[in-house]
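Here is a short tour of a protein model, written with a computational chemist in mind. Have the viewer open and follow along at your own pace.

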Amino acid sequence: MTSSPRYFLFSLLTFYVCCILTGCLPAPYYQKEESIPQNAWAYNFKPSFTFNITDSAASYQPYFLIRHTQAYPYSNIWIWVYAKAPGDSIIKKERLNIVLAEPNGKWLGRGMGEIYEQRIPIDLNEITRFNRNGSYEVSFEQNMRVNPLPEVLDAGLAIEKIPFRAQ
């Protein structure tokens, strides 16, 4: 019985150390989400994100972020991605299919109650190389047959800097 308080304190200390260490994980280079009005994504609502790249020699990975409810009626979402690099006058456009559920209907991503959140890596060909310093603009437009698209709470963009690995 005398070891019980020590075990409790050791467990508590271990828990706090784990919390501190996981809190020190690197943050994304850029991340922002926009709330979808009335949780129904209309064609004319295009969440837009502007961010600066200051190290064009580095590699970056962009992610599409989405939060939806369990009542979202589809297993995927088609989106248009519009991207403009610094100094460009032309906006590049790419259509992507984002898979949100397994074939058996199980939602992918993280779920808490009736809310699901996903972070999907996206590839926009040459624009995702971010090989110029300056301000980049990226926006998303839902491209499903339903307008507005129900049960979508947020859409966003995250950019992660990929650490250099010596080989």
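The report below goes from the overall fold to the strands and then to some individual side chains.

## Overall picture

Please keep in mind that this is a predicted model. The protein chain has 167 residues, and 33% of them are buried. Its secondary structure consists of one helix and eleven strands. Reading from the N terminus, the helix comes before the strands, in the order α-β-β-β-β-β-β-β-β-β-β-β.

How much of the contact network links residues 24 or more positions apart? Among contacts in the protein chain with a separation of 6 or more, such pairs account for 78%. As for the outside, the accessible surface of the protein chain is about 10,800 Å², and carbon and sulfur atoms contribute 55% of that area.

## An open sheet of four strands

A good place to start with the strands is the open sheet with the order β3-β9-β5-β6, in which the pairing is antiparallel. Its edges are β3 and β6 (92-99), each of which pairs on one side only. On average, and with direction ignored, neighbouring strands in this sheet are turned by 25° against each other.

Within the sheet, strand β5 (residues 76-84) and β9 are joined by six bridges in the antiparallel sense. If you want a register marker, find Ile79, which stands opposite Gln142 in β9.

Strand β9 is also home to Glu141. Is this residue buried or exposed? Glu141 has a relative accessibility of 13%, so it counts as buried, the limit being under 20%. Leaving aside neighbours within four places in sequence, Glu141 is in contact with Trp41, Tyr43, Lys46, Trp78, Ile79, Trp80 and Tyr82. A further link across the sequence shows up in the backbone: the C-alpha atoms of Glu141 and Ala42 are 8.5 Å apart, while the two residues are 99 residues apart along the chain.

## Strand β4 and its partners

Next comes β4, a strand that is mostly covered, with eight of its eleven residues buried. Which strands does β4 pair with? One partner is strand β11 (residues 152-162), in the antiparallel sense and over ten bridges. Another is β8, also antiparallel, over seven bridges. Two residues of these ladders are easy to look up: Ile66 has Ala155 in β11 as its bridge partner, and Arg67 has Glu117 in β8.

His68 belongs to strand β4 (residues 59-69). With a relative accessible area of 0%, His68 is buried. Apart from neighbours within four places in sequence, the contacts of His68 are Leu100, Trp107, Glu114, Ile115, Tyr116, Gln118, Glu151, Val152 and Leu153.

## Aromatic pairs and a cluster

The structure holds eleven aromatic pairs. One of them joins Phe51 and Phe130, whose ring centres are 5.6 Å apart and whose planes meet at 80°, so the pair is edge-to-face. Where do the two rings sit in the chain? Phe51 is in strand β3 (residues 48-53), whereas Phe130 is in the loop between β8 (115-121) and β9 (134-142), so the pair ties together parts that are 79 residues apart in sequence. Both Phe51 and Phe130 are buried.

Phe130 also takes part in a pair with Tyr136. Here the ring centres are 5.0 Å apart and the planes stand at 85°, so this pair is edge-to-face as well. The relative accessible area of Phe130 is 3%, and Tyr136 is buried at 2% relative accessibility. These rings belong to one aromatic cluster, formed by Tyr29, Tyr30, Phe51, Tyr60, Phe130 and Tyr136.

## Charges over rings

Two tryptophan rings have a charged side chain placed over them. The charged end of Lys93 sits over the ring of Trp80, at 4.1 Å from its centre. Arg95 lies over the face of Trp78, and the distance to that ring centre is 4.1 Å. Both rings have already come up in this report: Trp78 and Trp80 are among the contacts of Glu141.

Methods
Residues are numbered from 1 along each chain as its sequence is written. This is a predicted model: local features need pLDDT of at least 70, side-chain atom pairs count only at pLDDT 80 or more; totals for chains, interfaces and linings use all residues. Side-chain values use heavy atoms; hydrogens and water are left out. Buried means under 20% relative accessible area, exposed over 50%, partly exposed in between (1.4 Å probe, protein chains only). Contact means heavy atoms within 4.5 Å. Accessible areas come from the Shrake-Rupley method with a 1.4 Å probe; for residues, only the protein chains shown count as cover. Rings of Phe, Tyr and Trp (its six-membered ring) pair if their centres lie within 6.5 Å; planes under 30 degrees apart count as stacked, over 60 as edge-to-face and the rest as tilted. A charge sits over a ring if NZ of Lys or CZ of Arg is within 6 Å of the ring centre and within 35 degrees of the ring normal. Two strands pair if DSSP finds at least two bridges between them. Axes are lines fitted to C-alpha atoms, for helices over the stretch in contact, and angles run from 0 to 180 degrees between N-to-C directions.
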